[in-house]
Amino acid sequence: MIPMEQRTLGRTGRDVSVVGQGTWQLGGDWGEVEESDAFDVLDAAVDSGVTFFDTADVYGDGRSEQLIGRYLKNRPDADVFVATKMGRRADQVPENYVLDNFLTWNDRSRTNLGTDTLDLVQLHCPPSSVYSTDAVYDALDTLVEERRIAAYAVSVETCAEALTAIARPGVASVQIILNPFRLKPLDEVLPAAVAAGVGIIARVPLASGLLSGKYTKDTVFGPDDHRTYNRHGEAFDQGETFSGIDYATGVAAAAEFAALAPEGATPAQTALRWIIQQPGVTSVIPGARSVEQARANAAAAALPPLPQSTLDAVRELYDRSIRPEVHDRW
């Protein structure tokens, strides 16, 4: 296994790799993935130094969790911290975020992952009022007390939700969309997390692949790919698909971003490197559907820091092309 930089994931006290492995793709929501192919991707990630997997109980209706559970059973040498999520298996109303439902969802995830105690459970982008409800945190504390989970956290859509959660003493980490096309969290969320000792998990780091520079305005995605069916938030929050950016706008901006990649690095690796070096970020969780993608993502951790000139160019591109469209929305 190749060593990779490790950072402490907030209040969990556990160290995780700066590049983790997102596993939404493995559930099948980006197109079908064979189990053997999924295991090959996870092998490539672990052998490249990844010690952090992120999943959710609704990715492929639990298939992602099940794959990870079976994989780790077959790889006892892999010291991997697994974060999952709960909350999207019911109608998205605050009344569903109660202990009885938490227990049911928790039992299902523990079975899927094949473990008695989950490393970390994150509320999966619930209604905004959930983040400020005392009874929700009391219920999460109960899961910890019963050793069903070792720690809890939140996954959010907005900066306001992140700040509300960071103020809660039991919240270990916050997962938030952060990439060169989504800079708003840099203003308040990351500094607040640093001050509170809360970890930051950066998701959608490549803006659903836009920042790879591989797509054109004519690219066609499969009908079962959320990049086809959720461009305007038809199935879930629009920000989860292309970071909420109009596709044509994103393709044009991605072509400019690709030109900023240093010699020897791909645009995708450049985007990951940019995220890794933002103060307060614990880990970034790109997905991968191939061994080559998993290895390339992990290799971003070994790139030298981007120079200030590149950071300034990213900010200029964002302010000119992206900010007018989406900044205030998020």
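How many bridges join strand S5 to strand S6, and in which direction do the two strands run? Four bridges join S5 (residues 81-86) to S6 (residues 120-124), and the strands run parallel. Within this pair, Lys85 stands opposite Gln122 in S6.

The model is predicted, so that local features need pLDDT of at least 70 and side-chain atom pairs count only at pLDDT 80 or more, whereas totals for chains, interfaces and linings use all residues. Residues are numbered from 1 along each chain as its sequence is written, and side-chain values use heavy atoms, with hydrogens and water left out. Helices (H or I, at least four residues) and strands (E, at least two) are DSSP runs numbered from the N terminus.

**The sheet**

S5 and S6 belong to an open sheet of eight strands in the order S3-S4-S5-S6-S7-S8-S9-S10, with parallel pairing; two strands pair if DSSP finds at least two bridges between them. Strand S3 (21-22) and strand S10 (283-284) each have a single partner strand, so one side of each is left without a neighbour in the sheet.

Five bridges join S8 to S9, which run parallel, and Val174 has Ile200 as its bridge partner in S9. Five of the five residues of S9 (residues 199-203) are buried (under 20% relative accessible area). On one side of S9 lie Gly199, Ile201 and Arg203, on the other Ile200 and Ala202, and all are buried.

**Helix packing**

Helix H3 lies across S5 and S6, running at about 145 degrees to S5. Angles run from 0 to 180 degrees between N-to-C directions, and axes are lines fitted to C-alpha atoms, for helices over the stretch in contact. H3 (residues 99-113) also packs against helix H4 (residues 134-145) at an angle of about 40 degrees, with the axes 9 Å apart. The contact (heavy atoms within 4.5 Å) is made by Leu99, Phe102 and Leu103 of H3 and by Val136, Ala139, Leu140, Thr142 and Leu143 of H4. By class, seven of these residues are nonpolar, one is polar and none is charged.

**Positive phi outside glycine**

Two loop residues other than glycine have a positive phi.

| Residue | Phi | Loop | Relative accessible area |
|---|---|---|---|
| Asp61 | about 55 degrees | between S4 (52-54) and H2 (63-74) | 47% |
| Val204 | near 50 degrees | between S9 and H7 (226-229) | 11% |

Asp61 is partly exposed (from 20% to 50%), whereas Val204 is buried.

Conventions: Ala, Val, Leu, Ile, Met, Phe, Trp, Tyr, Cys and Pro count as nonpolar, Asp, Glu, Lys and Arg as charged, and the others, Gly among them, as polar. Buried means under 20% relative accessible area, exposed over 50%, partly exposed in between (1.4 Å probe, protein chains only).
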